[in-house]
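Please read the following note with the sequence and the structure at hand. The points are numbered, and each may be checked against the display.

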Amino acid sequence: MFNKTLNKEKDFEVNEEMLKEVTTKKSIDNGKEKEICSSYSNKRRHCKVKKMISNRLRILTWIDRYNWQWFVNDFIAGITLGLTIIPESIACALLAGLPARYGLCSAFIGSFIYLLCGSIDTVIMGPTSLVALVSVQFTVGKPIEFAFILTFLTGIVQLCMGCLGVGYIFEFISMPVIKAFSSATAILVMESQIKVLLGIKYLVAGLVESLKTLLNRYHEANYADFVMGLCAIIFLIIFESFEKFSKLSNINKMVRLLFRYLSFSRNTLIVLITAIISYIWLLDNPHTPYTLSKNALTGLPNFTLPMFTIEAPEKTYTFWQILMELNVGILVIPLVGVLTNISIGKLTPKGLVDTNQELLTVGLCNVAGSCFQSMPTSGAFTRYAISKACGLCTPLANLYSGVIVLLALSYLSPYFNFIPEATLAAILICSIFTLLDFKLPLRLWHESKRDFIVWLVCFVVCIVSGVEVGLFVSIIINVLHLLYLWARPEITVKIEDIDDMQYICVTPGNAIYFPAINHLRGKVLKATAQAKQRIPVVIDCHKITGLDFTAAQGFVKLAGGLRHDTTESDVTHDSSSCKSENDADGFAGDTLLILYRMQVHLQKLIDNAENLVFCESKEKIREFLTQEWLRNGFINLKEHIRASIDLGYKIEIERCE
């Protein structure tokens with residue numbers, strides 16, 4: 001007895017120790033699991049933060065892969081673009097009605113910001129003729145500070161759009177609209193520079209008013225300006241043709257390289273040559289026979305916030321009055337600026353653009369630029385063409401371009417006074433000429449009349465009423481067309497058969513929502529009315545990815561529309577003839593509606609109907625068709641028995657006496 005008690009006590013101690021070991025082991029395992037889970041959670045959180053930062057600071061996505069070859073390509077492209085952007089910026093400033101210096105003030109801070117956050121490799125930030133042309137329509141005749149506050153408000157609107165994630169609205173701008181928009185802009189810019197080539201001074205908004213003023217004042221033309229501008233255009237055309245020679249394989253490599261960079265530097269060369277001519281002329285004469293650009297300020301711009309109250313000699317503008325004066329320009333300029341970047345991004349090999357990131361980046365560039373007396377900025381097609389030809393690899397070329405502009409502002413500002421305005425006008429005309437594209441409308445005329453009409457409307461409205469009106473009208477036309485396609489989707493209706501059993505096959509082209517369901521019902525009811533006999537309707541729903549409640553109820557109503565009461569014509573005229581069991585239950589006149597391959601989650605929206613069924617396979621359709629053809633008497637007795645046996649039905653034949 002004592003031994004048994006002792007053994008029990010030992011067993012209890014052993015069990016207690018084992019329990020402690022198991023408990024300790026479990027606690028250790030739980031601790032390890034918690035540590036692993038905590039480590040995994042921290043790692044996951046760290047990855048999310050890193051991804052979020054890299055999505056905004058895009059330089060982090062490529063800087064770790066930067067190599068020597070990229071550096072060489074980016075350096076050459078950056079230097080070339082820097083030399084190109086100087087005369088272009090000055091010309092854009094004059095186009096916007098600003099002194100030449102403010103063009104360069106717009107060409108450096110945006111480059112540095114885009115280097116850090118830009119998502120398109122081939123975009124070089126700076127002033128553009130397109131944005132300048134649209135901006136001048138809202139700032140013409142107003143104090144110069146209006147341009148800076150417009151830049152600030154443009155950036156704020158772009159930042160708000162990017163934060164709200166509304167970049168998808170740019171998907172409503174089709175390629176014909178972009179091409180028509182750019183072609184119309186090119187014509188407007190070239191027309192605006194005709195007066196500069198002729199040496200006539202006026203600044204008005206709109207093509208019609210500009211042409212009226214030009215015709216009324218053509219007698220004021222200065223032939224010296226015209227000759228200078230014409231010579232500059234000829235020079236630029238000749239040097240642009242050098243790029244073709246650089247592609248010839250039978251020429252020495254060094255000669256080809258020389259031709260290539262002479263072509264890229266043509267804008268800088270013509271500015272340098274004509275400025276030297278002006279300088280030499282002024283050594284012996286107090287004035288030149290042609291007009292020179294004016295640049296009152298020198299040196300780097302100071303960092304100052306834009307003025308929200310503008311004092312002019314004739315009036316003091318409050319912030320609210322500034323908003324009223326700028327009007328819809330506060331919305332138009334942001335859209336036009338970002339549209340250029342998006343269009344450039346779509347021309348890249350990938351063709352994918354993060355529109356919200358571009359909105360944030362360009363908005364930040366404009367907000368920061370407004371503190372350095374900048375006009376609204378964006379990418380430019382001319383700079384894209386040069387960057388592509390130079391083999392640009394990353395946005396790092398913005399750094400070199402921005403540094404060159406800063407050097408020009410620091411040391412070359414006094415010499416900008418020697419640049420003839422006609423030379424800058426020639427640069428704008430030759431640069432913007434590449435945007436003209438009349439091959440596309442000819443192709444659209446033959447291949448897509450609808451797109452041709454959209455192109456034509458956009459082009460004409462932009463020319464007559466301004467690019468901002470044309471852009472909005474074109475967007476509205478595109479949206480209305482998409483709504484029409486939504487309300488009238490493509491629906492194919494045809495007669496098909498399985499084992500000689502016919503049915504009406506209906507295939508909708510896309511999602512069916514409430515504007516389209518009546519269109520679908522009309523197509524189906526028309527097809528059944530034209531059929532020689534009452535045969536089932538099969539709607540192939542594999543392309544239907546969306547369905548709303550109204551459309552779901554429309555399918556139920558369609559099933560109801562296919563039901564017909566049994567009439568005397570539906571039964572045998574001989575009163576002594578036999579009736580099958582199926583004829584007796586009242587369904588002899590119903591047309592069966594089969595929804596084929598509809599997604600399960602969409603089926604739940606559709607209420608039950610007596611003549612509406614779902615199926616997922618051809619075999620099931622064959623079964624439904626056989627039942628219907630048996631019920632409607634379209635199969636003779638022998639086929640009736642064979643089909644029924646195949647389907648497992650019990651055959652009962654009543655004899656008529």
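1. A residue is called buried when its relative accessible area is under 20% and exposed when that area is over 50%, and partly exposed describes the values in between. E496 is therefore partly exposed, because its relative accessibility is 23%. The reader should bear in mind that this is a predicted model.

2. E496 has a charged partner. A salt bridge joins E496 to K494, and the closest N and O atoms of the pair are 3.5 Å apart. With a relative accessibility of 47%, K494 likewise falls in the partly exposed class.

3. Strand β3, residues 491–498, should be considered together with strand β4, residues 501–508. The two strands pair in the antiparallel sense, and 8 bridges connect them. I498 has M501 of β4 opposite to it. Between β3 and β4 there are 2 residues, and the two strands form a hairpin. In the turn, D499 has a positive phi of about 55°.

4. What is the order of the strands in the open sheet? The order is β3-β4-β5-β6-β7, which makes 5 strands, and the pairing is mixed. The edges are formed by β3 and by β7 (612–615), each of which pairs on one side only. From one strand to the next, the twist averages 25°.

5. The partner of β4 in the parallel sense deserves a separate remark. Strand β5 (residues 537–540) pairs with β4 in that sense over 3 bridges. Within this pairing, I504 has V537 in β5 as its bridge partner.

6. Which helix lies across the strands of this sheet? Helix α26, residues 618–632, lies across β3, β4, β5, β6 (593–596) and β7. The helix runs at about 130° to β4.

7. Helix α26 also holds a charged pair. K620 and E623 form a salt bridge in which the closest N and O atoms are 3.8 Å apart. Both residues lie in α26, with a spacing of 3 residues, or about one turn of the helix. K620 has a relative accessibility of 33% and so counts as partly exposed. E623 is partly exposed as well, because its value is 27%.

8. D499, the residue with a positive phi in the hairpin turn, appears again here. A network of salt bridges links D499 with E619 and R622. By the salt-bridge criterion, the count comes to 13.

9. A further salt bridge is found in helix α19 (residues 439–447), where E447 and R443 both lie. The closest N and O atoms of E447 and R443 are 3.1 Å apart. Their separation along the chain is 4 residues, about one turn of the helix. E447 is exposed, and R443 is exposed too.

10. How many disulfides are there? The count is 0. Two cysteines may be noted for their accessibility. C231 is partly exposed, because its relative accessibility is 45%. C371, at 7%, lies under the 20% limit and is therefore buried.

11. Is S89 buried or exposed? S89 is buried, since its relative accessible area is 0%. The residue belongs to helix α2, which covers residues 68–95. The side chain of S89 reaches the backbone oxygen of I85 at a distance of 2.6 Å. When neighbours within four places in sequence are left aside, S89 is in contact with G103, L104, A107 and P127.

12. A147 offers another buried position. Helix α6 (residues 145–164) contains A147. With a relative accessible area of 8%, A147 falls under the limit of 20% and so counts as buried. Apart from neighbours within four places in sequence, A147 is in contact with L98, T139, S374 and P376. Between the C-alpha atoms of A147 and L326 there are 9.7 Å, although the two residues are 179 residues apart along the chain.

Methods. Residues numbered from 1 in each chain as written. Predicted model: local features only at pLDDT ≥ 70, side-chain atom pairs only at ≥ 80, totals over all residues. Heavy atoms only, no water. Buried < 20%, exposed > 50% of the residue type's maximum accessible area, 1.4 Å probe, protein only. Polar contact = N/O pair within 3.5 Å; in protein donor to acceptor, adjacent residues only side chain to side chain. Contact = heavy atoms within 4.5 Å. Pairing = 2+ DSSP bridges. Disulfide = S-S within 2.5 Å. Axes fitted to C-alpha atoms, helices over the stretch in contact; angles between N-to-C directions. Salt bridge = Lys/Arg side-chain N within 4 Å of Asp/Glu carboxyl O.
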